[in-house]
Amino acid sequence: MSSDPAHPTPPRHRDHGEWLVRFTDRVLVVCPKCGGRALVVPRPGIAAPKYFSALLFQPRRLACGGCGAVADWKAEERGAGLVGAKPGGTEDPFFRRPLWLQTRCAGRILWAYGEEHVDALAAYVDARLRERRASPTMAMFARLPAWMKSSQRRDEVLAGLATLRSLARLPSPADRSDAAHERGDRPRHHGTMLFRGGPY
């Protein structure tokens with residue numbers, strides 16, 4: 001690390017292959033009843049999964065602190081297995097509600113599941129040096145669109161992420177971004193299966 005203030009060390013990001021599913025443990029969505037901010041989390045009483053991939057099958061609960069709306073989700077059963085959710089796009093992967101954290105950025109829609117997701121994206125976008133330490137097959141950062149990775153868009157994307165961070169703290173329907181609505185861009189399901197030996 002440079003100690004010369006005139007030549008600071010550029011921000012560095014090391015990609016260890018984090019999956020997008022890692023950020024689905026807390027997802028902020030638009031409440032289906034009042035249009036305010038609701039939270040999707042693993043259903044209470046369910047043990048924390050050993051692997052992040054298990055989050056795709058874990059039962060979920062949607063709860064709105066504004067109007068009290070509550071809904072439950074569980075993975076579809078197919079024979080002896082469970083069909084997992086598919087993360088990605090501007091809808092949450094469980095209830096298919098529009099994400100609360102959406103804003104217009106660089107002529108597109110910038111979105112995130114929650115504050116931890118925003119922070120991870122900001123650390124990547126802000127980095128001048130990016131190192132990949134894992135296979136890009138399932139890695140979130142390797143799959144980001146080119147416009148988010150472009151150094152020419154860095155300031156614009158960071159400003160958009162700051163907007164999302166602010167939205168995360170705003171709960172009422174009046175605070176909802178004009179970008180937070182249904183688009184039908186949820187990824188096509190690819191048939192992820194879990195053959196049960198556990199509690200689900």
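## A tour from the β4–β5 hairpin to the α1–α3 pair

Begin at the hairpin of β4 and β5, where five residues lie between the strands and Gly68 takes a positive phi near 85°. Bear in mind throughout that this is a predicted model.

Next, select both arms of that hairpin, strand β4 (residues 60-64) and strand β5 (residues 70-73), which run antiparallel and are joined by four bridges. Within this pairing, Arg61 has Asp72 of β5 as its bridge partner.

Now add strand β3 (residues 37-42), which runs antiparallel to β4 and is joined to it by five bridges; on this side of β4, Pro42 stands opposite Arg60.

With β4 still selected, show its side chains and turn the view from one face to the other. In a regular strand, side chains alternate between the two faces of the sheet. In β4 the covered face carries Arg60, Leu62 and Cys64, whereas Arg61 and Ala63 belong to the uncovered face.

Leave the strands and select helix α1 (residues 115-126) together with helix α3 (residues 154-167), whose axes are 10 Å apart and which pack at an angle of about 165°. Because angles over 145 degrees count as roughly antiparallel, α1 and α3 are therefore roughly antiparallel to each other. The crossing in which α1 passes α3 is left-handed.

Finally, display the side chains where these helices meet: from α1 come Glu115, Val118, Asp119, Leu121, Ala122, Val125 and Asp126, and from α3 come Arg154, Val157, Leu158, Leu161, Leu164 and Arg165. Coloured by class, this contact of α1 with α3 shows eight nonpolar and five charged residues, with no polar ones.

Technical notes. Residues numbered from 1 in each chain as written. Predicted model: local features only at pLDDT ≥ 70, side-chain atom pairs only at ≥ 80, totals over all residues. Heavy atoms only, no water. Axes fitted to C-alpha atoms, helices over the stretch in contact; angles between N-to-C directions. Helix = DSSP H or I, 4+ residues; strand = E, 2+ residues; numbered from the N terminus. Parallel < 35°, antiparallel > 145°, perpendicular 65-115°, else oblique. Left-handed = near helix turned anticlockwise from the far one by under 90°. Contact = heavy atoms within 4.5 Å. Nonpolar A, V, L, I, M, F, W, Y, C, P; charged D, E, K, R; others polar. Buried < 20%, exposed > 50% of the residue type's maximum accessible area, 1.4 Å probe, protein only. Pairing = 2+ DSSP bridges.
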